[in-house]
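Ready for some practice in reading a protein structure? Open the viewer, keep a pencil at hand, and work through each exercise before you look at its solution.

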Protein chains: 2
Amino acid sequence: MSEQLYTHLNKYISVEAHDFKKINSYFKPKRVLKKEIVLEAGEFCQHLYFVEKGCLQQYFITDKGTERTVQFAIENWWMTDFLSYQNKTRTDFYIQAVENTRLLVIDRQDQEQLLQEFPILERYFRMVYQIAYGSSLMKMKYLFNFSKEELYFHFTEHFPEFAQRVPQYLIASFLGLTPEYVSEIRAKKRS
Amino acid sequence: MSEQLYTHLNKYISVEAHDFKKINSYFKPKRVLKKEIVLEAGEFCQHLYFVEKGCLQQYFITDKGTERTVQFAIENWWMTDFLSYQNKTRTDFYIQAVENTRLLVIDRQDQEQLLQEFPILERYFRMVYQIAYGSSLMKMKYLFNFSKEELYFHFTEHFPEFAQRVPQYLIASFLGLTPEYVSEIRAKKRS
């Protein structure tokens, strides 16, 4: 049983241990190695992932062939391509492990059944998505407001836990910067 | 009673007319004039807005004093600063009417009570936010993938209903372009 998921659910809703046993049984544990890909562009995204330990990134490949990260997920974060997952369309995104990662996985049909059996989980996901959506509008604000340099230092100061564990080139990719530019401003700051 | 909200709820969940009467009573109708501001930066965001008719924009003012739009809401769309609304913190955003607009408004306490009385609405909001979040990651993809010119034409081709009703300077603001730049590429395309 996943202590991690149990604790996270109880942060937002109230779930009894006895119900959690059933909830937990809907999920399959999955271990992925650093750099392993769990979703590829062109596929139908059927799964929703909960990160127990480790880190995932969601990225796409630009027309020029560069990887661009739109989202990270560390512990207690959910990840999928929500549009592909909900609308049953092909995804434009890749989901890949940034570190060796321990996931819980559920597919769309099972999640639907889980929500039917435990409607209280609708509330949990509503709150989780409300925060995720609000945060992504806030990220939009930072992208529009800050110079490239400010963006980088704002991110590393406000999310030090990310800055330390995620490779610099992925932070650059997430902020829409080139790795060369990030090296340059870091060198400038040190000097 | 709001036919509009009733229809939109029933797109995602099943609500009887008799229950809807109670649901509807939680909302207050509000009419705002074009350019009227319903939320100002620095305030605690207490309200959630549903657009019955018209259009809202959510924007912030950059350090350089420019307005930047992060989100529009037209008919059947919900708008608030979700982080401020949920975390009871001061907002960085403004919400303003782009046109004369008819809203339904609910405050946080009332929404909470509404969700307690009709837990099925948790499912409705979960789906609405799931789509909103997925769409905002997709927008991130466009922002990172396209040149400024591609971004503008992609947007106007894929969302013609927006492009026609929202002033050009607001579309520019939403895409992170200057109004001058938009005039320039439109003139170039016409010639």
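## Exercise 1: A lysine and its partners

Lys53(A) is partly exposed, with a relative accessible area of 48%. Keep in mind that this is a predicted model.

**Task.** Find the salt-bridge partner of Lys53(A), and work out which parts of the chain the pair ties together.

**Solution.**

Step 1. Start with the accessibility: buried means under 20% and exposed means over 50%. The 48% of Lys53(A) falls in the class in between, partly exposed.

Step 2. Look for a carboxyl oxygen within 4 Å of the side-chain nitrogen. Glu75(A) provides one, with the closest N and O atoms 3.8 Å apart, and the two residues form a salt bridge.

Step 3. Place both residues. Lys53(A) belongs to strand β3 (residues 47–53) of chain A, while Glu75(A) sits in the loop between β5 and β6 (78–79), so the pair ties together parts that are 22 residues apart in sequence.

Step 4. Widen the view. Lys53(A) and Glu75(A) are linked with Glu99(A) and Arg165(A) in a network of salt bridges. Within this network, the side chains of Arg165(A) and Glu99(A) meet at 2.8 Å, N to O.

## Exercise 2: Where two domains meet

**Task.** Describe how domain 1 and domain 2 of chain A touch: how many residues are in contact, and how much area is buried?

**Solution.**

Step 1. Mark the domains: the assignment gives domain 1 as 3–144 and domain 2 as 146–191. Their centres, taken over C-alpha atoms, are separated by 25 Å.

Step 2. Count the contacts: 18 residues of domain 1 of chain A meet 16 residues of domain 2 of chain A.

Step 3. Turn to the area. About 1,500 Å² is buried between domain 1 and domain 2 of chain A, and carbon and sulfur atoms give 59% of it. Arg68(A), Phe72(A) and Tyr142(A) supply 40% of the area that domain 1 of chain A buries against domain 2, more than any other three residues.

Step 4. Check the polar side of this interface. Two salt bridges cross between the domains of chain A, and eight residue pairs are in polar contact there. On the domain 1 side, β5 (67–73) and α5 (120–145) of chain A each give two or more residues. The largest share, six residues, comes from β5(A).

## Exercise 3: Two chains together

**Task.** Which element gives the largest share of the side of chain A that touches chain B? Find a salt bridge that joins the two chains as well.

**Solution.**

Step 1. Begin with the overall contact between chain A and chain B, which bury about 4,200 Å² between them, 65% of it on carbon and sulfur atoms.

Step 2. Count the polar links: eight salt bridges cross the interface of chain A and chain B, along with 14 residue pairs in polar contact.

Step 3. Go through the elements of chain A. Those giving two or more residues include β4 (56–61), α3 (82–87) and α5. The answer is α5(A), which contributes 21 residues. By class, the side of chain A that touches chain B has 22 nonpolar, 13 polar and nine charged residues.

Step 4. Now pick a bridge. Glu112(B) and Arg123(A) meet through their side chains at 2.9 Å, N to O. Glu112(B) lies in helix α4 (residues 108–117) of chain B and Arg123(A) in helix α5 of chain A, so the pair joins two chains.

Step 5. Compare the two partners. Arg123(A) counts as buried at 15% relative accessibility, whereas Glu112(B), at 27%, counts as partly exposed.

## Exercise 4: An aspartate in a strand

**Task.** Explore the surroundings of Asp107(B): which residues does it contact, leaving aside its neighbours within four places in sequence?

**Solution.**

Step 1. Locate the residue: Asp107(B) is in strand β8 of chain B. Its relative accessible area is 23%, which makes Asp107(B) partly exposed.

Step 2. List the contacts: Asp107(B) touches Gln46(B), His47(B) and Tyr85(B).

Step 3. Look at one of these more carefully. Asp107(B) and Gln46(B) are 61 residues apart along the chain, yet their C-alpha atoms are separated by 5.5 Å.

Step 4. Finish with the side chain: a polar atom of the Asp107(B) side chain lies 3.3 Å from the backbone nitrogen of Gln109(B).

Definitions and conventions: Residues numbered from 1 in each chain as written. Chains lettered and ligands numbered in written order. Predicted model: local features only at pLDDT ≥ 70, side-chain atom pairs only at ≥ 80, totals over all residues. Heavy atoms only, no water. Domains from an automatic or database assignment. Contact = heavy atoms within 4.5 Å. Buried area = accessible area lost by both parts, 1.4 Å probe. Polar contact = N/O pair within 3.5 Å; in protein donor to acceptor, adjacent residues only side chain to side chain. Helix = DSSP H or I, 4+ residues; strand = E, 2+ residues; numbered from the N terminus. Buried < 20%, exposed > 50% of the residue type's maximum accessible area, 1.4 Å probe, protein only. Nonpolar A, V, L, I, M, F, W, Y, C, P; charged D, E, K, R; others polar.
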